[in-house]
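I sat down with this structure and a short list of things to look up. My notes follow in the order I took them.

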Amino acid sequence: MASSSVSQGLVLPDRIVPMRVIVCGVHRTGTLSMRSALWALGFHDCYHMHTMIENPTHAPEWVRAFEAKYAGKGTYTRADWDRLLGDCQAVCDAPAAFLGPELAEAYPEAKVVILNRDPEKWYESVLLSIYTLTQPKTVWRRLNMLYCLIFDTQVGYMFSYSKSLRANVLRYDHGQEKEKALAWYKAQYEEFHERIPAERCLDFTITEGWKSLCDFLDVPVPMVKDEATGKMVEAPFPRLNDRAMFKGQATELVRRSTVRANSNLLNLVGKLALTGFVGYAGFLTWKTRLGGRV
């Protein structure tokens with residue numbers, strides 16, 4: 001059984017499965033579809049932004065990794081990656097994509113898929129999804145975000161991650177600085193190609209389907225039974241997280257965060273009430289022992 005190590009108070013598993021696939025593709029390039037495809041091909045698990053959302057205590061580790069790369073603060077070694085990603089055979093999406101070359105250097109035995117998308121379509125997709133979520137326009141949405149930040153500890157972790165992301169990685173306003181956003185996008189892919197040997201890489205888009213991906217990863221194309229003919233046919237390639245799906249997931253995340261914040265607030269009020277009751281009871285006891293009137 002693998003041992004466990006502690007990094008900044010966070011207990012994380014050491015490497016227990018080999019790292020086999022590193023997907024270098026930034027957010028909104030089809031990363032959730034790619035994660036689902038890799039799962040279907042037997043690469044378990046694949047670390048994705050959804051993984052960190054489900055495990056927000058990972059956020060400080062990604063902040064450390066960002067600061068090591070972008071701010072020259074400390075280092076982030078293979079041992080650190082093993083502690084964070086030890087149960088993953090693949091990585092995909094943010095935040096791993098922002099450190100794709102570093103991961104490729106840490107795991108030279110892993111294959112690298114460079115996940116592409118037309119830059120203009122990428123820009124529009126981010127503008128109408130992630131940017132809208134993180135830049136709420138209504139007063140109610142802003143107040144709800146502040147409320148959740150104060151009373152939901154999970155949001156606190158994600159806030160620290162987002163703050164580091166803006167300071168170190170995404171140094172532009174996506175909604176106001178389109179040319180800077182597109183320049184950043186281009187630079188990310190230039191870095192992937194410049195720092196990772198071409199013989200390790202497959203340039204890929206999710207519209208290509210299974211064949212080139214399966215050939216590169218040396219795995220068979222997944223097959224499913226055709227209900228009409230009873231024959232085995234090629235499985236459809238996953239197409240997930242379009243704008244409607246993203247909006248639904250974002251709404252659910254906000255709902256769950258608000259529920260946690262409400263619960264934490266009620267617990268806090270209950271504790272304060274109990275503290276006040278115990279304090280008043282103590283005061284009455286003290287007055288009674290002194291023989292005074294109350």
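**Notebook: loops, helices and a pocket**

I began at aspartate 218, which sits in the loop between helix H11 (211–217) and strand S8 (223–225). The model is a predicted one, and I read every value below with that in mind. Aspartate 218 has phi near 60°, a positive value in a residue other than glycine. Is aspartate 218 buried or exposed? Its relative accessibility is 67%, so aspartate 218 counts as exposed.

Next I looked up arginine 28. I found arginine 28 in the loop between strand S3 (21–24) and H1. Its phi is also positive, near 65°, and arginine 28 is not a glycine. Arginine 28 has 10% relative accessibility and counts as buried, the cut-off being under 20%.

**Overall counts**

I stepped back to the whole protein. I noted twelve helices and nine strands. The protein has 294 residues, and 43% of them count as buried. I put the accessible surface at about 16200 Å², with 59% of it belonging to carbon and sulfur atoms. Then I checked contacts between residues at least 6 apart in sequence. Of these, 76% join residues at least 24 apart.

**Helix H1 and serine 33**

I moved on to helix H1, residues 31–40. Why do I call H1 largely enclosed by the rest of the structure? Seven of its ten residues are buried, so that description holds. I listed the buried ones as Thr31, Leu32, Ser33, Met34, Arg35, Ala37 and Leu38.

I picked out serine 33, which lies in H1. Serine 33 is buried at 1% relative accessibility. What does serine 33 contact, leaving aside its neighbours within four places in sequence? I found Ile206, Pro238, Arg239 and Leu240.

After H1 comes glycine 42, with a positive phi near 100°. I then hit a cis peptide bond between histidine 44 and aspartate 45, with omega about -20°. Aspartate 45 belongs to the loop between H1 and strand S4 (46–47).

**Methionine 49 and the second cis bond**

I placed methionine 49 in helix H2 (residues 49–54). Its relative accessible area is 17%, so methionine 49 counts as buried under the 20% cut-off. I listed what methionine 49 touches, not counting residues up to four places away in sequence: Cys92, Asp93, Ala94, Pro95, Met158 and Tyr161. I also took the C-alpha to C-alpha distance from methionine 49 to alanine 97, which is 9.9 Å. These two are 48 residues apart in sequence.

Two of those contacts, Ala94 and Pro95, sent me to their peptide bond. The bond from alanine 94 to proline 95 is cis, with omega near 0°. Proline 95 is in the loop between strand S5 (90–91) and helix H5 (100–106).

**Helix H3**

I checked the length of helix H3, residues 59–70. Its twelve residues reach 16 Å from first C-alpha to last, close to the 16 Å expected at 1.5 Å a residue. Which residues of H3 are buried? I wrote down Ala59, Glu61, Trp62, Val63, Arg64, Ala65, Phe66 and Ala68. Just after H3, glycine 72 has a positive phi of about 65°.

**Serine 125**

I found serine 125 in helix H6 (residues 119–127). Serine 125 is buried, with a relative accessible area of 1%. Leaving aside neighbours within four places in sequence, serine 125 is in contact with Arg28, Arg117 and Arg243. Arg28 is the loop residue from my earlier note. I also checked serine 125 against aspartate 242, 117 residues away along the chain. Their C-alpha atoms are separated by 8.8 Å.

**Second largest pocket**

I closed with the second largest pocket, which has a volume of about 360 Å³. Two elements give two or more residues to its lining: helix H7 (130–134) and helix H12 (243–289). Which of the elements gives the most? H12 does, with seven residues.

I noted 16 lining residues in this pocket. Thr132, Leu133, Arg141, Lys247 and Thr251 lie nearest its centre. By class, the lining has six nonpolar, five polar and five charged residues.

Note on methods: Residues are numbered from 1 along each chain as its sequence is written. This is a predicted model: local features need pLDDT of at least 70, side-chain atom pairs count only at pLDDT 80 or more; totals for chains, interfaces and linings use all residues. Side-chain values use heavy atoms; hydrogens and water are left out. On a 1 Å grid over the protein atoms alone, a cavity is a set of points where a 1.4 Å probe fits but cannot get out, and a pocket is an open set with protein on both sides within 12 Å along at least five of seven lines; lining residues have an atom within 4 Å of a point. Grid points are joined across faces, edges and corners, and a volume is the space filled by probe spheres set on the points. Helices (H or I, at least four residues) and strands (E, at least two) are DSSP runs, numbered from the N terminus. Ala, Val, Leu, Ile, Met, Phe, Trp, Tyr, Cys and Pro count as nonpolar, Asp, Glu, Lys and Arg as charged, and the others, Gly among them, as polar. Buried means under 20% relative accessible area, exposed over 50%, partly exposed in between (1.4 Å probe, protein chains only). Contact means heavy atoms within 4.5 Å. Accessible areas come from the Shrake-Rupley method with a 1.4 Å probe; for residues, only the protein chains shown count as cover. The expected span of a helix is 1.5 Å times one less than its number of residues.
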